[in-house]
Amino acid sequence: MASPKIIIIGSGLSGLSLSLSLSNLLPAASIKIYEVRPSTHPSTSGTINLTPNGLRVLDHLGVYKSLIPQGFNFDNLTMLNHQLDVLASIPIAGISEFEYQSLRIERRLVHSALLQKVQEKSQVEIIYDSKCESVEESDAAVTVRFTNGTSATGDILIACDGIHSVVRKSFVKDPKDFEPKYTGQISIGGTITKSQIQEYNVKNTPYPIMMFGPEAGTGANFMIWPYNRAGDQFTFFTTLSKPEEEENWNGFADKQNLKSIMQETFHAEDSPWNEMVKKTVELSDVEGYRFWPFYLHSIPEKFYSEKARMIMIGDAAHAMPPSGGQGAAMAFEDAETLAYTLAAGFASNPGESGLNTPQGLEVLSKWSDHRIARMRTIQELNKRMSDMRKGSTGSTSGVMFTVKVWVIWLLGLLGVLGRTRRAINNYDARKEAMGWLAEGAIQAS
Ligand SMILES: Cc1cc2nc3c(=O)[nH]c(=O)nc-3n(C[C@H](O)[C@H](O)[C@H](O)COP(=O)(O)OP(=O)(O)OC[C@H]3O[C@@H](n4cnc5c(N)ncnc54)[C@H](O)[C@@H]3O)c2cc1C
Ligand SMILES: *[C@@H]1O[C@H](CO)[C@@H](O)[C@H](O)[C@H]1NC(C)=O
Ligand SMILES: *[C@@H]1O[C@H](CO)[C@@H](O)[C@H](O)[C@H]1NC(C)=O
């Protein structure tokens, strides 16, 4: 049985889920995860939305069911205009059609459910306070250097180190692809409770709610989204256009400033926005405010290195703006498909420590091509979503707003948004991997 020494850089959502899939499929492998954070703060905060394609992976790993009571489970997203008229109700998910509801949940809860499972696996070790500085591969091994001057060696290294990946820089050839690119959009949001704003939801519209406004200057969109099981704690956020990138976004570090921007945008004297939005901004607690600039990575030609000892997944490989809500789901899909691929690759390569053989490269390139195709599909869908959230691609005059509103209404009516959902939701990472692994008559062990 193959017993490779596997190094994972980063214990975020992709690193943890990968280590779980790998330990199920390669029980003799030894897996070391190096994480820059301290063990006392293993995760970032905020809430994420997980669609069925991502939840399916978590279900395979045995963590999904424990998450159901910890987040908001829902099927439909209601789209309104700024005056609370319904434009469309979009079936985002649902058990009958997609096997799963959608789940909005605090990211740290997903992280800690995965972490708990990882801690049950004796073959996986997480080493905290470990900052990877560089990586290097040879014919025989891969070496990671840490900022404290020491190094570690293994057979295969997987970069799960997120959008500012150090590992990515070591094997993506074109320097202009090292750093993520700013998309010209930022998001600002906060938290509010249902009891604070429900009286202003005058038509009793079900949550989550996505609203579209007439002018970029007065806010082109506003989201109100529950994130706990009872559905009475909400995050709200907007995506604003901000063409110039800032060096370190210091101007957005001050929470009071974030609230002020929201007030100026949605609550000015002549604001066209409904009372629910105005009150949400007005009553929200300053401490709950958060800010994110949107960045994205160009997709490289392949997700593995020259000698096939370094592989990248998750945000390190293809960070995308959160407007499509698919970043974490893509990380989970990457992780599960890669685990099957590595298991098959090692099984077809007995006696080899790596995958730099015709059989090894065959499975790895199939995986990489397949994931790149998937990423292009998702980026295209993301772009459509994000164009919709913008005040219709630059022009936000009254006429264009009317057009945008009709387009959304029509897409909802024709079920186009629903079909888009099917492309996203019905992806079963395990089945997909089995499919292309079987094609080459190479079976996972
Ligand atoms: C505001 C916002 C909202 C989002 N909303 C959604 C959503 O609704 N749905 C969704 O699916 N996705 C969403 N995402 C995207 C999602 O959070 C990411 O795609 C996902 O976390 C990627 O996982 P990852 O493991 O690849 O990277 P990360 O979660 O970033 O993990 C990377 C890990 O590597 C560690 N690390 C970094 N550098 C080093 C180093 N040099 N050495 C050692 N360790 C290192 C980090 O500390 C971290 O633990 C959102 C993102 C943002 C910013
Ligand atoms: C979602 O909408 C569909 C039809 O538009 C409806 O049948 C279903 O009951 C809704 N689901 C929930 C959970 O409200
Ligand atoms: C340096 O960092 C590595 C990775 O965290 C760790 O294993 C090692 O013990 C550290 N060495 C010293 C001397 O601090």
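Two residues are in contact if their C-beta atoms, placed from the backbone, lie within 7 Å. The exercises below use a predicted model.

**Exercise 1. Describe how helix H2 packs against helix H11, and state which residues meet.**

Step 1. Locate the helices. H2 covers residues 52-60, and H11 covers residues 327-347.

Step 2. Compare the axes. Those of H2 and H11 come within 8 Å and cross at roughly 45 degrees.

Step 3. Classify the angle. Angles under 35 degrees count as roughly parallel, and 65 to 115 as roughly perpendicular. H2 and H11 are therefore oblique to each other.

Step 4. Give the hand. The crossing of H2 past H11 is left-handed.

Step 5. List the contact residues. H2 contributes Asn53, Gly54, Val57, Leu58 and His60, which meet Ala328, Ala329, Phe332, Glu333 and Glu336 of H11. By class, this contact holds 5 nonpolar, 3 polar and 2 charged residues.

**Exercise 2. Carry out the analysis for helix H1 and helix H5.**

Step 1. Locate the helices. H1 spans residues 13-25, and H5 spans residues 107-119.

Step 2. Take the geometry. The axes of H1 and H5 are 9 Å apart, and the packing angle is about 30 degrees.

Step 3. Classify the angle. Because angles under 35 degrees count as roughly parallel, H1 and H5 are roughly parallel to each other.

Step 4. Give the hand. H1 passes H5 in a crossing that is left-handed.

Step 5. List the contact residues. On the H1 side they are Leu13, Leu16, Ser17, Ser19 and Leu20; on the H5 side they are Val110, His111, Leu114, Leu115, Lys117 and Val118. The contact of H1 with H5 divides into 7 nonpolar, 3 polar and 1 charged residues.

**Exercise 3. Set out the open sheet of 3 strands and place H5 relative to S3 and S7.**

Step 1. Write the strand order. The sheet reads S3-S7-S4, and its pairing is antiparallel.

Step 2. Identify the edges. S3 and strand S4 (72-74) each pair on one side only, which makes them the edge strands.

Step 3. Give the twist. From one strand to the next, the average is 15 degrees.

Step 4. Examine one pair. S3 is joined to strand S7 (residues 102-106) by 4 bridges in the antiparallel sense. Thr47 is placed opposite Glu106 of S7.

Step 5. Add the helix. H5 lies across S3 and S7, and runs at about 95 degrees to S7.

**Exercise 4. Set out the open sheet of 7 strands and inspect the pair S5 and S6.**

Step 1. Write the strand order. The sheet reads S6-S5-S14-S15-S16-S13-S17, with mixed pairing.

Step 2. Identify the edges. Strand S6 (86-91) and strand S17 (290-296) are the edge strands, each pairing on one side only.

Step 3. Give the twist. The average is 20 degrees from one strand to the next.

Step 4. Examine the pair. Strand S5 (residues 76-81) runs antiparallel to S6, with 5 bridges between them. Met79 has Ala88 in S6 as its bridge partner.

**Exercise 5. Describe the hairpin of S10 and S11.**

Step 1. Locate the strands. S10 covers residues 142-146 and S11 covers residues 151-154; they pair in the antiparallel sense over 4 bridges.

Step 2. Find a facing pair. Val144 is opposite Ala152 in S11.

Step 3. Inspect the turn. The hairpin has 4 residues between the strands, and Gly149 takes a positive phi near 95 degrees.

**Exercise 6. Describe the shells around ligand 1, ligand 2 and ligand 3.**

Step 1. Begin with ligand 1. It is surrounded by 34 residues, of which Gly10, Gly12, Gly162, Gly314 and Gly327 are the closest. Elements that give two or more residues to this shell are helix H1, strand S3 (47-50), helix H10 (315-318) and helix H11. H11 supplies the largest share, 4 residues. By class, the shell around ligand 1 has 15 nonpolar, 14 polar and 5 charged residues.

Step 2. Turn to ligand 2. Its surroundings are Asp75, Asn76, Ser89 and Pro91. The shell around ligand 2 comprises 1 nonpolar, 2 polar and 1 charged residues.

Step 3. Finish with ligand 3. Around ligand 3 are Tyr34, Ile127, Asp129, Ser130, Phe146, Asn148 and Thr150. These divide into 3 nonpolar, 3 polar and 1 charged.

Technical notes
Residues are numbered from 1 along each chain as its sequence is written. Chains are lettered from A and ligands numbered from 1 in the order in which they are written. This is a predicted model: local features need pLDDT of at least 70, side-chain atom pairs count only at pLDDT 80 or more; totals for chains, interfaces and linings use all residues. A residue is near a molecule or strand if its C-beta atom, placed from the backbone, lies within 6 Å of it. Ala, Val, Leu, Ile, Met, Phe, Trp, Tyr, Cys and Pro count as nonpolar, Asp, Glu, Lys and Arg as charged, and the others, Gly among them, as polar. Axes are lines fitted to C-alpha atoms, for helices over the stretch in contact, and angles run from 0 to 180 degrees between N-to-C directions. Angles under 35 degrees count as roughly parallel, over 145 as roughly antiparallel, 65 to 115 as roughly perpendicular and the rest as oblique. A crossing is left-handed if the near helix is turned anticlockwise from the far one by less than a right angle, and right-handed if clockwise. Two strands pair if DSSP finds at least two bridges between them.
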